[in-house]
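User: I've just opened this model and would like to talk it through. Can we go over it question by question?

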Amino acid sequence: MSTSSAARPVPPGGPRFAVVGNPENRRVSLFADAVRAAGLPGPRVVAWTDVLRGRGADFAPDEIVRIDSPGENPEVDRMLRGTPDPTRVEGSARWYAGFTAALRTLRGGIRLDDPGDLAVLFDKRACHAVLDAAGVPVPASPTSGSGGAPVRGWDDVRKLMREHRMPRLFVKPAHGSSASGVLAVETGGGGRIRATTSVELAADGGLYNSLRVRRHDSERDIAVIVDALAPDGLHLERWVPKASQQGRAADLRVVVVAGRATHAVVRTSRTPLTNLHLGGSRGDLAAAREAVAAAGTRWPDVLEVCERAASCFPRTLCVGVDLLPAVGWRRAFVGEVNAFGDLLPRLTGLPGSGAEGQDTYAAQVAAALRTTARPGPLHPYRTGTSHV
């Protein structure tokens, strides 16, 4: 699971970066800008299409290698999921198998992302189990870990809802991202049921990602969606009623770099799905901190939950943690840990984080230069943070 190259020192000739990504993607551009801003040559870009067609890639011993998202490229998506339509929801299990296999074909270099960590991060059932075992607060789940209950379709979801007394829950594709295929399911009196989701159910039964969040009030339609998603693997979690800001549901995306929470943004929405690309809006971080303090909780303790979650993946430099503050802002749960959760353009570092004035990419470049020059994990967990 680990990569011994993470412990190799940077040679005297100076550091060189490489990034595996989609060259046209702004993630790659923003990272390259950060490398050049640090006074270094721009990174060598290895395209995912080349990796997938050519059975991998080789990196020099002195190259510091970042793995970036293979998303937002129709050709890469087709190669990984086997479908010509990138808007289709189905196929995430095949995507996962292709992605993890591709990671194993990357050879050499000083790696900033561990293939084993990434394999866990892109399996919600496994990730939930790892976090839970480490004492990180997570929503209760009957599907967590290798011993979790199987979900073969809607009948299994209904059964687990009854057995675990979960009238409200989230149904998530085990290998999904960006809320693709996620359903927020809630039941009411008289057998009423509703699912909030970005999934569009086509007349032919196909499932498509949509930027418009919709509500399905027909249990038959909900069952059709869940039954179609089940072969790819499903993860169920108890619905944590979120805190609110200005009447909108609120959560936080916290970026952790080298073990330290460096950047945070509040996301708010009128729906249970707060993803910014689904109509969510950036909220007021200062107001969130004030609400945390008014509830009798320390802000550094909130960030420490995210750092503990990141510490479960010590050979991956950066993760984005989705933190779910419960109603009243007294407690918080980790809903997701995202391998590629750093796309927060123009957001600068938190006070006291060591990343003040830096965006998420600049913070990672600086941390990579520090951590690759010494042996050990990329971000050993630290307590006693000094975030002010």
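**Cysteines first**

User: Let's begin with Cys 306: which residue holds the cysteine sulfur closest to its own?

Analyst: Keep in mind that this is a predicted model. The sulfur of Cys 306 has its closest cysteine sulfur 12 Å away, too far for a bond. That partner sits in Cys 312.

User: Is Cys 306 buried or exposed?

Analyst: Buried means under 20% relative accessible area. Cys 306 comes out at 0% relative accessibility, so the residue counts as buried.

User: And how far is Cys 127 from the nearest cysteine sulfur, and how many disulfides are there?

Analyst: A disulfide needs two cysteine sulfur atoms within 2.5 Å. By this rule the count is zero disulfides. Cys 127, then, is in no disulfide, and the nearest cysteine sulfur, that of Cys 312, is at 7.8 Å.

User: What relative accessible area does Cys 127 have?

Analyst: Cys 127 falls in the buried class. Its relative accessible area is 6%.

**The whole chain**

User: Stepping back, how many helices and strands does the protein chain have?

Analyst: Both kinds of element are present in the protein chain. The tally is eleven helices and 15 strands.

User: What radius of gyration does the protein chain have, and what would a compact globule have?

Analyst: For 388 residues, a compact globule would come out near 21 Å. The protein chain agrees with that. Along its principal axes, the C-alpha trace spans about 70 × 50 × 35 Å. The radius of gyration itself is 21 Å.

User: What share of the residues is buried, and how much area does the protein chain expose?

Analyst: Buried residues account for 56% of the 388 in the protein chain. Carbon and sulfur atoms supply 51% of the exposed area. The exposed total is about 15,900 Å².

User: What percentage of the contacts join residues at least 24 apart?

Analyst: The pool here is contacts between residues at least 6 apart in sequence. Of these, the share joining residues at least 24 apart is 66%.

User: How far apart are the mean positions of the positive and negative charges?

Analyst: The protein chain carries 49 positive and 40 negative charges. Take the mean position of each set, and the two are apart by 2 Å.

**Positive phi**

User: Which loop holds Arg 165, and what is its phi?

Analyst: Arg 165 lies between helix H7 (154–163) and strand E5 (168–173). At 70% relative accessibility, Arg 165 counts as exposed. Although Arg 165 is not a glycine, its phi is positive, about 50°.

User: What about Ala 258: where does it lie, and is it buried or exposed?

Analyst: Ala 258 is in the loop between strand E11 (248–257) and strand E12 (260–269). Its phi is also positive in a residue other than glycine, near 55°. With a relative accessible area of 6%, Ala 258 is buried.

**Some individual residues**

User: Which residues does Asp 156 contact, leaving aside neighbours within four places in sequence?

Analyst: Asp 156 has its place in helix H7. The residue is buried, at 12% relative accessible area. Its contacts beyond the sequence neighbours are Pro 150 and Val 151.

User: How far is Thr 83 from Trp 299, C-alpha to C-alpha?

Analyst: Thr 83 is in the loop between helix H3 (74–81) and helix H4 (92–103), and at 16% relative accessibility this residue counts as buried. Not counting residues up to four places away, Thr 83 touches Asp 77, Arg 78 and Arg 88. Trp 299 is 216 residues away along the chain, and the C-alpha separation is 45 Å.

User: Which helix holds Val 302, and how far is Trp 329 in space?

Analyst: Val 302 sits in helix H10 (residues 299–310) and counts as buried at 11% relative accessibility. Val 292, Thr 297 and Leu 323 touch Val 302, with residues up to four places away left out. Trp 329 is 27 residues off in sequence, and its C-alpha lies at 9.9 Å.

User: Last one: which strand holds Leu 106, and how far is Phe 59 in space?

Analyst: Leu 106 belongs to strand E4 (residues 106–111) and is buried at 6% relative accessible area. Beyond four places in sequence, Leu 106 touches residues including Val 20, Val 51, Ala 57 and Phe 59. Phe 59 is 47 residues apart in sequence, yet the C-alpha to C-alpha distance is 7.8 Å.

Key
Residues are numbered from 1 along each chain as its sequence is written. This is a predicted model: local features need pLDDT of at least 70, side-chain atom pairs count only at pLDDT 80 or more; totals for chains, interfaces and linings use all residues. Side-chain values use heavy atoms; hydrogens and water are left out. Helices (H or I, at least four residues) and strands (E, at least two) are DSSP runs, numbered from the N terminus. The radius of gyration is taken over C-alpha atoms; the globule rule is 2.2 Å times the number of residues to the power 0.38. Buried means under 20% relative accessible area, exposed over 50%, partly exposed in between (1.4 Å probe, protein chains only). Contact means heavy atoms within 4.5 Å. Accessible areas come from the Shrake-Rupley method with a 1.4 Å probe; for residues, only the protein chains shown count as cover. Lys and Arg count as positive and Asp and Glu as negative; His and the chain ends are not counted. The place of a charge is taken as NZ of Lys, CZ of Arg, CG of Asp or CD of Glu.
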